[in-house]
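Have a look at the sequence and the model below before reading my notes. I've kept the points short so you can follow along as you go.

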Amino acid sequence: MKPLILMDFKSKRLFCVLRPLVQLHSRLDKAAKSMRKEDAPMSNCKVIALTNQKGGVGKTTTAVNLGIGLVKQGNKVLLIDADAQANLTMALGYSKTDDIPVTLSTLMQKIIENEPVDIQSGILRTDEGIDLIPSCVELAGMEATLIDTKNRDSILKTCINKVKQSYDYVLIDCMPSLGMLTINALAAADSVVIPNQPHYFSIKGLEQLLRSVSMVKRQINPKLRIDGILMTMVMPRTKITQTVISTVKNAYGRNIKVFDTQIPFSIRAVEATAEGKSIFAYDKSGKVAAAYEQFAKEVAEIGEKQRTQNRADRIR
């Protein structure tokens, strides 16, 4: 015979009130755990914009070889070609950019028009183990489209947020100007790497670029930081190279890191780009490959320090 359970009227009313609250608490707890699981991998991804308002400073070459260098360390890396010239896309072997069915322009247009978008459909898996969202000439029209778009600064960020939980690093190769696409890249980025050739005109462009990054940080992305300035195509024996590097370090070195690694000038790097390969695939034993491998280690070290700091901030 089952024991008789007695419950007075007040207790029954209290139980009826508490039961929905307990159920609500359980649902909220499950939702919170689910959100934490989703957010954890996303917070580990670092988005880096490679930018310089001056062209011809080795920006695309750096995007390719930094990306491959990070892959060689065991990282999962996504490259984004945010330049209508599509140099990054061609540098990875996709010479006929107009024949690529889905590009960055396609994905951003769908987000602007609030249409369902599968970012994975626009990602190319390359032979060297790095992923790419390619570009084509259509991206040039995106500048004008963004001007009249709601939330125009965050379209690229929305695109990246849909896939960045799958990556350790996302590298954005920006166009050599401060247009809407570059502003989108800076709004989406955690940090900026500035490739800079040690020439006189590069110094003048650097000053303007730093003001632009400061403006974006102040008005759009307060978490944006500059990881450092990378000297590229360096010819150390020339006097102008030594003078420019010294000037940059004296002018900016106190507030902005000038990377220890310097990328030497080499015709092999130019040939690698023309062949649609990274320097690691084209000339793995050369001095440029060694320099980019060292540079990737510097970038990874900064990334790990920032991840450690982010984890400490979340615990607090």
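**Notes on β5 and V192**

1. Both faces of strand β5 are covered: Y169, L171 and D173 are buried on one side, and V170, I172 and C174 are buried on the other. Here "buried" means under 20% relative accessible area, while exposed is over 50% and partly exposed lies in between (1.4 Å probe, protein chains only). Strands (E, at least two residues) and helices (H or I, at least four) are DSSP runs, numbered from the N terminus.

2. A word on the ground rules: this is a predicted model, where local features need pLDDT of at least 70, side-chain atom pairs count only at pLDDT 80 or more, and totals for chains, interfaces and linings use all residues. Residues are numbered from 1 along each chain as its sequence is written, and side-chain values use heavy atoms, with hydrogens and water left out.

3. Why call β5 largely enclosed by the rest of the structure? Six of the six residues in this strand (residues 169-174) are buried, so that description fits.

4. Now for the partners of β5. Strand β1 (residues 46-50) runs parallel to β5, joined by five bridges, and V47 has V170 as its bridge partner there. Strand β2 (residues 77-82) is also parallel to β5, with six bridges; V77 pairs with Y169. Two strands count as paired if DSSP finds at least two bridges between them.

5. Next, find V192 in strand β6 (residues 191-196). V192 is buried, with a relative accessible area of 0%. Leaving aside neighbours within four places in sequence, its contacts (heavy atoms within 4.5 Å) include A49, T51, V213 and I226.

6. V192 and L50 are 142 residues apart along the chain, yet their C-alpha atoms are separated by 5.9 Å.
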